[in-house]
Amino acid sequence: MNILYVAAESSNWVIALCNEICKLGHKVTCVVQDSDEYDKENRLEEHPNLTRKSVSMNHFFNPTLMKSALARELITEQFDIVFGSHAPVSIIVNEISGMKRIPWGIMLLDIPKDLMESDRKRMRQWVEWFDVLKYANEIVFNTTIARDVYYDYTKQFFGDDNIITYGTNFLEDYYKSGIETHGNYVLSISRLTSVKAVSNVTKALSLLKKPLKQVVVGRDRGDLQKIYSVARDFGVDVEYKELVSEKEKYE
């Protein structure tokens with residue numbers, strides 16, 4: 001198959017996924033954002049059947065910009081399917097599906113119900129995306145929770161076969177590293193938002209045997225100071241890093 005994959009996700013993770021698709025014998029044109037690789041020091045090598053196209057993040061929210069960026073590919077390539085990753089790309093993926101008269105699908109990585117209910121702007125975005133997602137030929141969910149929340153808003157039910165756990169871009173050199181070590185806990189938390197109450201993880205850690213150390217990795221969206229405060233109250237040593245390379249993460 002000749003696949004167009006449009007992904008508003010971390011570029012390295014998307015490239016790793018598309019490489020695996022190519023290994024199955026498919027040809028993939030992958031559209032990724034140019035500002036968020038997470039690990040720019042270890043850029044992934046692309047499979048010979050993979051064509052990478054980098055665009056700015058705002059392209060994924062603007063179908064006109066995306067169609068302009070993909071003008072050559074949409075004219076010269078006969079794709080068999082167009083697939084997207086993350087809800088915001090549903091609009092452009094649906095439009096390309098109609099233009100090329102091919103089926104489309106999408107992977108929903110998360111449906112942040114708590115944030116939607118506390119932020120009217122975010123709710124309006126998701127209502128718009130839900131109206132488009134209802135017409136997808138296929139939807140894959142990251143978790144059963146996302147699948148169930150999708151049903152709550154659309155009344156479209158998908159079975160467990162449509163749930164594929166979000167994969168980690170794992171460095172093979174670190175496979176099973178530290179497995180013989182006891183008492184070490186490593187946490188990687190993304191989107192440190194106050195509504196998500198990530199600081200509850202710190203409280204949970206305090207119930208384990210001391211000494212304790214929590215390593216928090218990700219962008220701070222308002223919960224970092226709360227984490228520090230809880231850590232002081234419960235005697236948990238916290239180290240924070242906004243972004244790290246894959247190698248540094250496992251070290």
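This is a conversation about how some labels are assigned in a predicted model.

Trainee: Why are helices H6 and H7 called roughly perpendicular to each other?

Mentor: Helix H6 covers residues 120-133 and helix H7 covers residues 144-154, and they pack at an angle of about 85°. Angles from 65 to 115 degrees count as roughly perpendicular, therefore H6 and H7 get that label. Their axes are 11 Å apart.

Trainee: Which residues make the contact between H6 and H7?

Mentor: On the H6 side they are Met123, Phe130 and Leu133, and on the H7 side Tyr150, Tyr153 and Thr154.

Trainee: How many nonpolar, polar and charged residues does the contact of H6 with H7 have?

Mentor: There are 5 nonpolar residues, 1 polar residue and no charged ones. Tyr counts as nonpolar under the definition used here.

Trainee: What makes glutamate 20 and lysine 23 a salt bridge?

Mentor: Side chains of opposite charge can pair when their charged atoms come close. The closest N and O atoms of glutamate 20 and lysine 23 are 3.0 Å apart, and the cut-off is within 4 Å, so the pair counts as a salt bridge. Both residues lie in helix H1 (residues 11-23), 3 residues apart, which is about one turn of the helix.

Trainee: Why is lysine 23 called exposed, and what is glutamate 20 called?

Mentor: Exposed means over 50% relative accessible area. Lysine 23 is at 56%, so it counts as exposed. Glutamate 20 has 43%, so it is partly exposed.

Trainee: How do you know that lysine 113 and aspartate 152 meet in a salt bridge?

Mentor: Their N to O distance is 4.0 Å, set against a cut-off of 4 Å. The pair links distant parts of the chain, with lysine 113 in helix H5 (residues 113-118) and aspartate 152 in helix H7, 39 residues apart. Lysine 113 has a relative accessible area of 33% and aspartate 152 one of 42%. Both values lie between 20% and 50%, so both residues are called partly exposed.

Trainee: What makes aspartate 131 and lysine 134 a salt bridge?

Mentor: The closest N and O atoms of aspartate 131 and lysine 134 are 3.7 Å apart, and the limit is 4 Å. Aspartate 131, at 42% relative accessibility, is partly exposed, as is lysine 134 at 35%. Elsewhere, salt bridges that share partners join Lys53, Arg72 and Glu73 into one network. The whole structure has 12 salt bridges.

Trainee: How many disulfides does the structure hold, and why is cysteine 30 not bonded to cysteine 18?

Mentor: It holds 0 disulfides. A disulfide is a covalent bond between the sulfur atoms of two cysteines. The cut-off is 2.5 Å, and the sulfur of cysteine 30 is 3.6 Å from that of cysteine 18, its closest cysteine sulfur, so it is too far for a bond. For cysteine 22 the closest cysteine sulfur is also in cysteine 18, at 6.8 Å, again too far for a bond.

Trainee: Are cysteine 22 and cysteine 30 buried or exposed?

Mentor: Buried means under 20% relative accessible area. Cysteine 22 has 2% and cysteine 30 has 0%, so both are buried.

Trainee: Where does threonine 143 lie, and why is it called partly exposed?

Mentor: Threonine 143 lies in the loop between strand E6 (138-141) and H7. Its relative accessible area is 31%, so threonine 143 is partly exposed. Its C-alpha atom is separated by 7.9 Å from that of aspartate 110, 33 residues apart along the chain.

Key
Residues are numbered from 1 along each chain as its sequence is written. This is a predicted model: local features need pLDDT of at least 70, side-chain atom pairs count only at pLDDT 80 or more; totals for chains, interfaces and linings use all residues. Side-chain values use heavy atoms; hydrogens and water are left out. Axes are lines fitted to C-alpha atoms, for helices over the stretch in contact, and angles run from 0 to 180 degrees between N-to-C directions. Helices (H or I, at least four residues) and strands (E, at least two) are DSSP runs, numbered from the N terminus. Angles under 35 degrees count as roughly parallel, over 145 as roughly antiparallel, 65 to 115 as roughly perpendicular and the rest as oblique. Contact means heavy atoms within 4.5 Å. A salt bridge is a side-chain nitrogen of Lys or Arg within 4 Å of a carboxyl oxygen of Asp or Glu. Buried means under 20% relative accessible area, exposed over 50%, partly exposed in between (1.4 Å probe, protein chains only).
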